[in-house]
Amino acid sequence: MPAADQTPTISPAPTTRARVPDLAWTLARAHLSRRRTQNVLTILGIAVGVMVLIAALSLTNGFTRSLIDATLRASPHLSITSFTPQTRDPALEKTIAANKEVTAVTPFLADKGLLTRPASGGRSAGVDFATLFGVQASAAQVLQLQPEEGELLAGLKDGEVMLGASLARSVGAFAGDEVRLLNSTQRRAILRVKGVFSTGNYLIDSAYAFTNLGTLQALQQTPNITGYQLRLRDPATAPAVGSAITRTLPYSALPWQNLYGTLLDQLALQKRVIAFVVFLIVIVAAFGIANVLTLAVFEKTQEIAILRAIGATRKLITRVFVLEGLVLGFSGLVLGNLLGLAISAYFTVRPFQLPGDLYFITALPVEVRLTDLLWVNAVGLGTTMLAALIPARRAANVEPARIIR
């Protein structure tokens, strides 16, 4: 039999399809390239608003964190006090020691008094009110003072006192000086200043003083204590730990959040107000986007009508102007983020100094939070999109027959 035809078959070469550019993006890019000056000004407006918003929130966060840290340097995370003064309670101490969140504990006795320093050596007399805490050496682990200040606190002996830096300046008494104390029970004592401490919180530095627990008990002529001061692994857990310790015992818990609750609420309100006021800048800048796109719609009305007449849909026209708004808004957000982070970095290296006699802290640090950046960008992008939708919908509603006629 004759052999079958073995002629090989030639398959057609694969064809490469040219990538068709997106019409909406092409038109949006062409529009943006014609109004460069207005576009740049619009981007700068958004960038300035975002920059100020990020910087303001970062400074507010830093102020809040610094104030809380400064406050907790000389304040315990949690205080456990009895309803009536009494001696040390072994059952309570055992319960406290069994709690894994507690890292340090010390008994304390609180009192208020008037400190005076007589005039001597050419110095005029000094006087000021103070809140006294009688503590033991373990207080150095409960509080978060500087290492050298903690050593002074742990080494307080009978008849010695440690003053806040601002309180020491007010009284005019420093290490080695003697001060006279008139306490709340009208009893008097002479105390020698062993040293001073500084937390950075002016309210604490101008009012707090520490002395030996035995000294204050002897002055009040009582073996009782006010309660116990605790330091925790996480200060945020103070309310829960206090509730767990006092649930079955006749004591009350005072977390630091309750002690400074009004201050924390004021700081939170301050942050919300600042964010709202500064965000108005972003809204004004968003109106700039709406203005630019509205002018573009007026200028391109005939072009839009021709596009509609040759088959362009309302959706395509809307996409063109929404893309323009997104490009302007996104560019402004990126630039604003870079500028805001740059300002925050600058204030991190060189904190803004504050007068201690007018504010709670003496320096204004910066704390950039990812959550703030996310919501600033999300809200900013949403605002610019809404600003772009108004002229985009107007462009999509252009009637080609009426315009061309």
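## Notebook: pocket, cavity, helix pair and strand 5

I looked up the largest pocket first and found a volume of about 230 Å³, a volume being the space filled by probe spheres set on grid points that are joined across faces, edges and corners. On a 1 Å grid over the protein atoms alone, a pocket is an open set of points with protein on both sides within 12 Å along at least five of seven lines, a cavity is a set where a 1.4 Å probe fits but cannot get out, and lining residues have an atom within 4 Å of a point. The model is predicted, with pLDDT of at least 70 needed for local features and 80 or more for side-chain atom pairs to count, while totals for chains, interfaces and linings use all residues. Residues are numbered from 1 along each chain as its sequence is written, and side-chain values use heavy atoms, with hydrogens and water left out.

**Pocket lining.** Of the 18 residues that line the largest pocket, I noted Ser79, Phe133, Gln229, Leu254 and Leu259 as the closest to its centre. Strand 1 (78–86), strand 2, strand 7 (208–212), strand 9 (251–255) and helix 10 (256–259) each give two or more residues to this lining, and strand 1 gives the most, with three. Helices (H or I, at least four residues) and strands (E, at least two) are DSSP runs, numbered from the N terminus. By class I read 14 nonpolar, four polar and no charged residues in the pocket lining, where Ala, Val, Leu, Ile, Met, Phe, Trp, Tyr, Cys and Pro count as nonpolar, Asp, Glu, Lys and Arg as charged, and the others, Gly among them, as polar.

**Cavity and helix pair.** I then turned to the cavities, of which the structure holds three of 30 Å³ or more; the largest has a volume of about 50 Å³. Its lining consists of Leu67, Ile68, Thr71, Leu72, Trp256, Tyr260, Leu263 and Leu264, with helix 2 giving the most, four residues. Leucine 72, which is in helix 2, is buried at a relative accessible area of 5% (buried means under 20%, exposed over 50% and partly exposed in between, with a 1.4 Å probe and protein chains only).

Helix 2 (residues 36–73) and helix 11 (residues 261–299) pack at an angle of about 175°, with their axes 9 Å apart; axes are lines fitted to C-alpha atoms, for helices over the stretch in contact, and angles run from 0 to 180 degrees between N-to-C directions. I therefore recorded the two helices as roughly antiparallel to each other (over 145 degrees, against under 35 for roughly parallel, 65 to 115 for roughly perpendicular and oblique for the rest).

**Strand 5.** How many bridges join strand 5 to strand 6 (residues 188–197)? I found five, with the strands running antiparallel, and leucine 181 has alanine 189 as its bridge partner in strand 6. Strand 2 (residues 102–117) is joined to strand 5 by four bridges, also antiparallel; two strands pair if DSSP finds at least two bridges between them.

**Positive phi.** Most residues other than glycine have a negative phi. Glutamine 186, in the loop between strand 5 and strand 6, has a positive phi of about 65° although it is not a glycine, and at 59% relative accessibility I counted it as exposed. Glutamine 221 lies in the loop between helix 8 (213–220) and strand 8 (225–232), has a positive phi near 55°, and is exposed at 61%.
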